[in-house]
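Please look over the sequence and the model below before reading on. The paragraphs that follow go through the structure step by step, from local backbone features to the interior.

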Amino acid sequence: MNINVIALFPEILQSSFKGLTGKAFKENIAKLNLIDLKKFSNNDYGSVDDAPYGGGEGMVLGIEPLETSLKTIKKPGHVICLTPQGEVFNQKKAVELSQLEDVTFVCGRYEGIDQRFIDSYVDEEISIGDYVLSGGEIAASVVIDAILRNIDDVIGNKDSVNKDSHSEGKLKGHVFTRPSDYKGKKVPDVLLSGDHEKVNEWKLANSLWVTREKRPDLFKQLQLSEKEMILLRHYGDFLKKKHD
Ligand SMILES: C[S@@+](CC[C@H](N)C(=O)[O-])C[C@H]1O[C@@H](n2cnc3c(N)ncnc32)[C@H](O)[C@@H]1O
(Lines give C-alpha, C1' and ligand atoms only; values in the text may rest on other atoms or scores of the structure.)
Protein backbone atom coordinates (compact mmCIF):
# COMPACT_ATOMS: atom_id res chain seq x y z
CA MET A 1 0.00 0.00 0.00
CA ASN A 2 1.29 3.45 -0.90
CA ILE A 3 0.24 6.05 1.64
CA ASN A 4 0.75 9.73 0.80
CA VAL A 5 0.13 12.49 3.28
CA ILE A 6 -0.02 16.20 2.48
CA ALA A 7 0.42 18.24 5.65
CA LEU A 8 1.75 21.51 6.97
CA PHE A 9 3.55 19.63 9.77
CA PRO A 10 4.39 16.20 8.33
CA GLU A 11 7.00 15.63 11.05
CA ILE A 12 4.10 14.92 13.43
CA LEU A 13 3.42 11.76 11.44
CA GLN A 14 7.07 10.75 11.26
CA SER A 15 7.18 9.95 14.95
CA SER A 16 3.77 8.24 15.07
CA PHE A 17 4.65 4.81 13.80
CA LYS A 18 6.54 2.50 16.14
CA GLY A 19 6.35 -1.21 16.91
CA LEU A 20 4.06 -3.05 14.51
CA THR A 21 3.17 -0.02 12.41
CA GLY A 22 6.82 1.06 12.28
CA LYS A 23 7.71 -2.43 11.08
CA ALA A 24 5.16 -2.10 8.26
CA PHE A 25 7.15 0.81 6.80
CA LYS A 26 10.60 -0.58 7.63
CA GLU A 27 9.80 -3.85 5.86
CA ASN A 28 8.13 -2.07 2.92
CA ILE A 29 4.78 -3.74 3.53
CA ALA A 30 3.50 -0.18 3.20
CA LYS A 31 5.22 2.95 1.93
CA LEU A 32 4.78 6.34 3.55
CA ASN A 33 5.32 9.44 1.40
CA LEU A 34 5.13 12.60 3.52
CA ILE A 35 4.64 15.82 1.57
CA ASP A 36 5.43 19.12 3.24
CA LEU A 37 2.80 21.61 2.11
CA LYS A 38 5.07 24.53 3.13
CA LYS A 39 7.27 23.74 0.11
CA PHE A 40 4.41 24.56 -2.27
CA SER A 41 3.88 28.20 -1.43
CA ASN A 42 2.97 30.38 -4.41
CA ASN A 43 4.17 33.67 -2.93
CA ASP A 44 7.32 35.43 -1.71
CA TYR A 45 6.33 35.06 1.95
CA GLY A 46 6.34 31.28 1.79
CA SER A 47 2.80 31.06 3.11
CA VAL A 48 0.22 28.51 2.00
CA ASP A 49 -2.77 30.05 3.79
CA ASP A 50 -4.75 33.27 3.50
CA ALA A 51 -7.62 35.12 5.15
CA PRO A 52 -11.12 33.77 4.46
CA TYR A 53 -13.33 35.53 1.94
CA GLY A 54 -16.32 37.09 3.64
CA GLY A 55 -14.33 37.67 6.80
CA GLY A 56 -14.26 35.61 9.96
CA GLU A 57 -11.63 34.08 12.18
CA GLY A 58 -8.46 32.29 11.22
CA MET A 59 -6.82 31.44 7.94
CA VAL A 60 -7.65 28.97 5.19
CA LEU A 61 -5.24 26.64 3.34
CA GLY A 62 -5.22 27.78 -0.28
CA ILE A 63 -6.23 25.72 -3.31
CA GLU A 64 -3.05 26.32 -5.35
CA PRO A 65 -0.42 24.96 -2.91
CA LEU A 66 -2.69 21.98 -2.19
CA GLU A 67 -3.25 21.30 -5.89
CA THR A 68 0.45 21.63 -6.76
CA SER A 69 1.47 19.32 -3.93
CA LEU A 70 -1.14 16.73 -4.96
CA LYS A 71 0.10 16.85 -8.57
CA THR A 72 3.60 15.77 -7.42
CA ILE A 73 2.19 12.39 -6.38
CA LYS A 74 2.44 9.84 -9.22
CA LYS A 75 -0.55 7.76 -8.11
CA PRO A 76 -2.58 9.58 -5.47
CA GLY A 77 -5.33 6.94 -5.59
CA HIS A 78 -8.20 7.52 -3.18
CA VAL A 79 -7.94 11.07 -1.78
CA ILE A 80 -9.16 11.51 1.79
CA CYS A 81 -9.49 14.82 3.57
CA LEU A 82 -9.36 14.77 7.37
CA THR A 83 -12.04 17.08 8.73
CA PRO A 84 -14.39 17.21 11.72
CA GLN A 85 -17.16 17.57 9.11
CA GLY A 86 -16.50 14.10 7.61
CA GLU A 87 -18.02 10.69 8.21
CA VAL A 88 -16.92 9.41 11.61
CA PHE A 89 -14.13 6.82 11.28
CA ASN A 90 -14.63 3.30 12.59
CA GLN A 91 -13.20 -0.22 12.37
CA LYS A 92 -15.34 -1.10 9.33
CA LYS A 93 -13.88 1.86 7.47
CA ALA A 94 -10.35 0.89 8.57
CA VAL A 95 -10.83 -2.58 7.07
CA GLU A 96 -12.33 -1.10 3.88
CA LEU A 97 -9.45 1.38 3.42
CA SER A 98 -6.85 -1.34 4.10
CA GLN A 99 -7.80 -2.87 0.71
CA LEU A 100 -6.58 0.21 -1.21
CA GLU A 101 -3.30 0.22 -3.10
CA ASP A 102 -2.84 3.98 -3.23
CA VAL A 103 -4.28 6.48 -0.81
CA THR A 104 -3.61 10.15 -0.13
CA PHE A 105 -4.52 11.96 3.08
CA VAL A 106 -4.89 15.73 3.07
CA CYS A 107 -4.52 17.36 6.47
CA GLY A 108 -6.11 20.71 7.22
CA ARG A 109 -4.95 23.41 9.65
CA TYR A 110 -6.36 26.69 10.92
CA GLU A 111 -9.95 27.15 9.67
CA GLY A 112 -9.59 24.34 7.15
CA ILE A 113 -9.14 23.87 3.42
CA ASP A 114 -10.48 25.97 0.51
CA GLN A 115 -13.71 24.22 -0.51
CA ARG A 116 -12.76 24.30 -4.20
CA PHE A 117 -9.88 21.89 -3.53
CA ILE A 118 -12.23 19.55 -1.70
CA ASP A 119 -14.82 19.72 -4.50
CA SER A 120 -12.21 19.10 -7.21
CA TYR A 121 -9.94 16.45 -5.72
CA VAL A 122 -11.27 14.86 -2.53
CA ASP A 123 -13.04 11.50 -2.78
CA GLU A 124 -13.98 11.19 0.86
CA GLU A 125 -14.02 13.28 4.05
CA ILE A 126 -13.22 11.50 7.31
CA SER A 127 -13.51 12.69 10.90
CA ILE A 128 -11.96 10.83 13.82
CA GLY A 129 -14.68 12.00 16.20
CA ASP A 130 -17.04 14.78 17.13
CA TYR A 131 -14.46 17.21 18.50
CA VAL A 132 -12.07 19.67 16.89
CA LEU A 133 -8.30 19.17 16.70
CA SER A 134 -5.83 21.87 15.71
CA GLY A 135 -4.72 19.98 12.63
CA GLY A 136 -5.35 16.90 10.53
CA GLU A 137 -1.90 15.34 11.11
CA ILE A 138 -2.86 13.51 14.31
CA ALA A 139 -6.15 12.44 12.72
CA ALA A 140 -4.25 11.04 9.72
CA SER A 141 -1.92 9.12 12.09
CA VAL A 142 -4.91 7.60 13.84
CA VAL A 143 -6.53 6.50 10.57
CA ILE A 144 -3.25 5.16 9.11
CA ASP A 145 -2.45 3.20 12.28
CA ALA A 146 -5.89 1.57 12.25
CA ILE A 147 -5.56 0.76 8.53
CA LEU A 148 -2.09 -0.79 8.89
CA ARG A 149 -3.29 -3.23 11.55
CA ASN A 150 -5.60 -4.71 8.93
CA ILE A 151 -3.01 -5.25 6.21
CA ASP A 152 -1.83 -8.85 5.87
CA ASP A 153 1.73 -9.32 7.19
CA VAL A 154 1.64 -6.27 9.49
CA ILE A 155 0.26 -8.24 12.41
CA GLY A 156 1.59 -11.79 12.28
CA ASN A 157 -1.38 -13.27 14.11
CA LYS A 158 -4.44 -12.27 12.05
CA ASP A 159 -6.62 -13.81 14.77
CA SER A 160 -5.61 -11.10 17.19
CA VAL A 161 -6.96 -8.43 14.82
CA ASN A 162 -10.12 -10.38 14.10
CA LYS A 163 -10.84 -10.70 17.81
CA ASP A 164 -10.08 -7.07 18.65
CA SER A 165 -12.78 -4.78 19.97
CA HIS A 166 -15.18 -3.62 17.23
CA SER A 167 -14.11 -6.23 14.68
CA GLU A 168 -17.25 -8.28 15.33
CA GLY A 169 -19.44 -5.56 16.76
CA LYS A 170 -18.43 -6.25 20.34
CA LEU A 171 -15.57 -5.36 22.72
CA LYS A 172 -12.74 -7.78 23.40
CA GLY A 173 -13.06 -7.86 27.18
CA HIS A 174 -10.66 -8.33 30.08
CA VAL A 175 -7.06 -9.51 29.70
CA PHE A 176 -4.59 -10.59 32.41
CA THR A 177 -0.90 -11.49 32.69
CA ARG A 178 1.50 -12.77 35.39
CA PRO A 179 1.40 -13.01 38.34
CA SER A 180 -1.81 -15.02 38.70
CA ASP A 181 -2.22 -13.71 42.26
CA TYR A 182 -1.12 -10.14 42.96
CA LYS A 183 -1.59 -9.25 46.62
CA GLY A 184 -4.80 -11.29 46.70
CA LYS A 185 -6.12 -9.94 43.36
CA LYS A 186 -6.61 -13.14 41.41
CA VAL A 187 -6.89 -14.00 37.74
CA PRO A 188 -10.14 -15.95 37.04
CA ASP A 189 -9.48 -19.67 37.74
CA VAL A 190 -10.80 -20.79 34.36
CA LEU A 191 -7.97 -18.95 32.55
CA LEU A 192 -5.43 -21.05 34.47
CA SER A 193 -7.31 -24.33 33.97
CA GLY A 194 -5.71 -25.34 30.65
CA ASP A 195 -9.19 -26.37 29.44
CA HIS A 196 -9.28 -24.60 26.05
CA GLU A 197 -12.98 -25.05 25.50
CA LYS A 198 -13.81 -23.55 28.89
CA VAL A 199 -11.29 -20.74 28.35
CA ASN A 200 -12.88 -19.87 24.99
CA GLU A 201 -16.35 -19.93 26.52
CA TRP A 202 -15.22 -17.63 29.31
CA LYS A 203 -13.61 -15.24 26.84
CA LEU A 204 -16.78 -15.10 24.76
CA ALA A 205 -18.99 -14.55 27.82
CA ASN A 206 -16.58 -11.94 29.17
CA SER A 207 -16.53 -10.10 25.84
CA LEU A 208 -20.35 -10.03 25.74
CA TRP A 209 -20.57 -8.95 29.37
CA VAL A 210 -18.03 -6.16 28.93
CA THR A 211 -19.85 -4.96 25.79
CA ARG A 212 -23.17 -4.90 27.67
CA GLU A 213 -21.62 -2.97 30.59
CA LYS A 214 -19.51 -0.48 28.67
CA ARG A 215 -21.32 -0.09 25.36
CA PRO A 216 -25.01 -0.95 25.71
CA ASP A 217 -25.55 0.72 22.31
CA LEU A 218 -23.35 -1.93 20.65
CA PHE A 219 -24.78 -4.73 22.76
CA LYS A 220 -28.32 -3.90 21.60
CA GLN A 221 -27.30 -4.51 18.00
CA LEU A 222 -25.86 -7.97 18.65
CA GLN A 223 -27.92 -10.96 17.68
CA LEU A 224 -26.95 -13.46 20.35
CA SER A 225 -27.19 -17.18 19.69
CA GLU A 226 -28.82 -19.39 22.30
CA LYS A 227 -25.39 -20.63 23.38
CA GLU A 228 -24.13 -17.06 23.83
CA MET A 229 -27.17 -16.18 25.95
CA ILE A 230 -26.58 -19.23 28.15
CA LEU A 231 -22.87 -18.41 28.52
CA LEU A 232 -23.62 -14.80 29.37
CA ARG A 233 -26.09 -15.87 32.02
CA HIS A 234 -23.72 -18.51 33.37
CA TYR A 235 -20.62 -16.32 33.65
CA GLY A 236 -22.45 -12.99 33.90
CA ASP A 237 -23.37 -13.36 37.57
CA PHE A 238 -19.78 -14.23 38.44
CA LEU A 239 -18.45 -11.20 36.53
CA LYS A 240 -21.02 -8.94 38.18
CA LYS A 241 -20.02 -10.09 41.69
CA LYS A 242 -16.36 -9.40 40.89
CA HIS A 243 -17.25 -5.80 40.11
CA ASP A 244 -19.80 -5.11 42.86
C1 LIG B 1 -9.18 23.72 13.75
S2 LIG B 1 -9.63 22.50 12.59
C3 LIG B 1 -10.75 23.35 11.57
C4 LIG B 1 -12.14 23.16 11.99
C5 LIG B 1 -13.13 23.92 11.13
N6 LIG B 1 -13.02 25.33 11.34
C7 LIG B 1 -14.54 23.47 11.47
O8 LIG B 1 -15.14 24.03 12.39
O9 LIG B 1 -15.04 22.52 10.84
C10 LIG B 1 -8.18 22.36 11.60
C11 LIG B 1 -8.00 21.05 10.90
O12 LIG B 1 -7.86 20.01 11.85
C13 LIG B 1 -8.33 18.80 11.31
N14 LIG B 1 -9.32 18.25 12.23
C15 LIG B 1 -9.85 18.86 13.30
N16 LIG B 1 -10.71 18.08 13.94
C17 LIG B 1 -10.74 16.91 13.26
C18 LIG B 1 -11.46 15.69 13.44
N19 LIG B 1 -12.32 15.51 14.42
N20 LIG B 1 -11.23 14.69 12.56
C21 LIG B 1 -10.36 14.85 11.53
N22 LIG B 1 -9.66 15.99 11.32
C23 LIG B 1 -9.85 17.00 12.18
C24 LIG B 1 -8.90 19.11 9.93
O25 LIG B 1 -7.95 18.76 8.96
C26 LIG B 1 -9.12 20.59 10.01
O27 LIG B 1 -9.07 21.20 8.74
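**From the loops to the core**

Asn-43 is found in the loop between β2 and β3 (49–50), in a model that is predicted. With 11 C-beta neighbours inside 10 Å, Asn-43 counts as exposed, because the cut-off for that class is 12 or fewer. Asn-28 is a useful partner for orientation: the two residues are 15 residues apart along the chain, and their C-alpha atoms are separated by 36 Å.

Asn-28 itself lies in the loop between α2 (19–26) and β2 (31–36), and although it is not a glycine, Asn-28 has a positive phi of about 60°. Asn-28 is exposed, since 7 other C-beta atoms lie within 10 Å. A second residue to inspect on a backbone plot is His-166, which has a positive phi of about 75° and is likewise not a glycine. His-166 has its place in the loop between α7 and β8, and is partly exposed, with 17 other C-beta atoms within 10 Å. The loop between α7 (158–162) and β8 (181–182) also holds Pro-179, which is joined to Arg-178 by a cis peptide bond with omega of about 0°.

At the level of the whole chain, the domain assignment gives domain 1, covering 2–156, and domain 2, covering 163–243. The C-alpha centres of domain 1 and domain 2 lie 37 Å apart.

Helix α6, residues 136–148, is a good place to turn to the interior. The 13 residues of α6 reach 18 Å from the first C-alpha to the last, which is close to the 18 Å expected at 1.5 Å a residue. The helix is mostly covered, with ten of its 13 residues buried; among them are Gly-136, Ala-139, Ala-140, Val-143 and Ile-147, and the buried set also includes Glu-137 and Ser-141.

In soluble globular proteins, nonpolar side chains tend to be buried together. The largest nonpolar core in this model has 38 residues, of which Val-5, Ile-6, Val-106, Ala-140 and Val-143 touch the most other members. Two or more residues of this core come from each of β1 (2–7), α3 (63–71), β5, α4 (91–97), β6 (102–107) and α6, and α6 gives the largest share, seven residues. Apart from this core lies another one, of eight residues, including Ala-205, Trp-209, Leu-231 and Leu-232.

Which residues does Val-5 touch, not counting residues up to four places away in sequence? The contacts of Val-5 are Pro-10, Leu-13, Leu-34, Ile-35, Phe-105, Cys-107 and Ala-140. Ala-140 thus appears both in this list of contacts and among the buried residues of α6.

The ligand brings α6 into view once more. It is surrounded by 20 residues, and the closest are Pro-84, Gly-108, Leu-133, Gly-136 and Ala-139; Gly-136 and Ala-139 are also listed among the buried residues of α6. Both β5 (78–88) and α6 supply at least two residues of the shell around the ligand, while the largest share, four residues, comes from β5. Sorted by class, the shell has nine nonpolar, nine polar and two charged residues.

Notes. Residues are numbered from 1 along each chain as its sequence is written. This is a predicted model: local features need pLDDT of at least 70, side-chain atom pairs count only at pLDDT 80 or more; totals for chains, interfaces and linings use all residues. Domain bounds come from an automatic or database domain assignment. A residue is buried if 20 or more other C-beta atoms lie within 10 Å of its own, exposed if 12 or fewer, and partly exposed in between; C-beta atoms are placed from the backbone. The expected span of a helix is 1.5 Å times one less than its number of residues. A residue is near a molecule or strand if its C-beta atom, placed from the backbone, lies within 6 Å of it. Ala, Val, Leu, Ile, Met, Phe, Trp, Tyr, Cys and Pro count as nonpolar, Asp, Glu, Lys and Arg as charged, and the others, Gly among them, as polar. A nonpolar core is a set of buried Ala, Val, Leu, Ile, Met, Phe, Trp, Tyr and Cys residues joined through C-beta atoms within 7 Å. Two residues are in contact if their C-beta atoms, placed from the backbone, lie within 7 Å.
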